[in-house]
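User: I have a model open and want to learn how to read its sheet and its domains. Can you take me through them?

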Amino acid sequence: MGYNMNTSLLPNIGLAVPQCPKCKKPGLMVRNLTVKSLLIFKAKEKFEESAAHYLCMDSDCPISYYGISGDYHFKITDLKVPIWYKKNADPIFACYCNNITRDEVLEFVKQTGIHEMNKIIIRLRGKVKSACVAKNPTGRCCNEYFNELIDQGMKIRG
Ligand SMILES: [Zn+2]
């Protein structure tokens, strides 16, 4: 099953990702586990295990997850955590697994010049936790954004 599935049965062939029902931009496919872990209790009633889930990546769009059918979707307010790249996210998380915000990373890097993600997390939280599938809205590791923040912090430090 899975990869051997007959693709002619799928409404979207090949690499095409279904568009967000609101902003009409292609999203990012995410695992059901990620969606389920992050939905607030009230929104969970609507969750469909059989649906494929996509994350809207547009910063201005109020949609979080959506399915192939545009009627099936969740808003950013249906999630337990703000999505870091969405407009007005508060706080803006750099790392969901370790509960570290963007401002914490910037401030820490500016103060210390330490620019390795793991070292920063250990210094701030004592140890590194990793639970991206359940904690990060993308279901993926935050290292790309985290490293971007490290670069920004180093620039501020000069
Ligand atoms: Zn959208």
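Analyst: We take the sheet, then the domains. Keep in mind that this is a predicted model.

User: Start with the sheet. How many strands form the open sheet, and in what order?

Analyst: Read a sheet by strand order and pairing sense. Here 4 strands form an open sheet, ordered β1-β2-β3-β4. The pairing is antiparallel.

User: Which strands are the edge strands?

Analyst: Look for strands that pair on one side only. In this sheet those are β1 (28-30) and β4 (73-75).

User: By how many degrees are neighbouring strands turned against each other?

Analyst: On average 30 degrees, with direction ignored.

User: Over how many bridges do β3 and β4 pair?

Analyst: Strand β3 covers residues 63-66, and its antiparallel pairing with β4 runs over 2 bridges. For a residue-level view, take Y66: its bridge partner in β4 is H73.

User: Now the domains. Where does the assignment place them?

Analyst: Begin with the bounds, then the spacing. Domain 1 spans 2-78 and domain 2 spans 93-157. Their centres, taken over C-alpha atoms, are 27 Å apart.

User: How many residues does each domain give to the contact?

Analyst: Domain 1 gives 9 residues and domain 2 gives 5.

User: Which elements supply the side of domain 1 that touches domain 2?

Analyst: Map the contact residues onto helices and strands. β1 and α1 (32-38) each supply at least two residues of that side. The largest share, 4 residues, comes from α1.

User: What is the make-up of that side by class?

Analyst: On the side of domain 1 that touches domain 2, 5 residues are nonpolar, 3 polar and 1 charged.

Note on methods:
Residues are numbered from 1 along each chain as its sequence is written. This is a predicted model: local features need pLDDT of at least 70, side-chain atom pairs count only at pLDDT 80 or more; totals for chains, interfaces and linings use all residues. Two strands pair if DSSP finds at least two bridges between them. Axes are lines fitted to C-alpha atoms, for helices over the stretch in contact, and angles run from 0 to 180 degrees between N-to-C directions. Domain bounds come from an automatic or database domain assignment. Two residues are in contact if their C-beta atoms, placed from the backbone, lie within 7 Å. Ala, Val, Leu, Ile, Met, Phe, Trp, Tyr, Cys and Pro count as nonpolar, Asp, Glu, Lys and Arg as charged, and the others, Gly among them, as polar.
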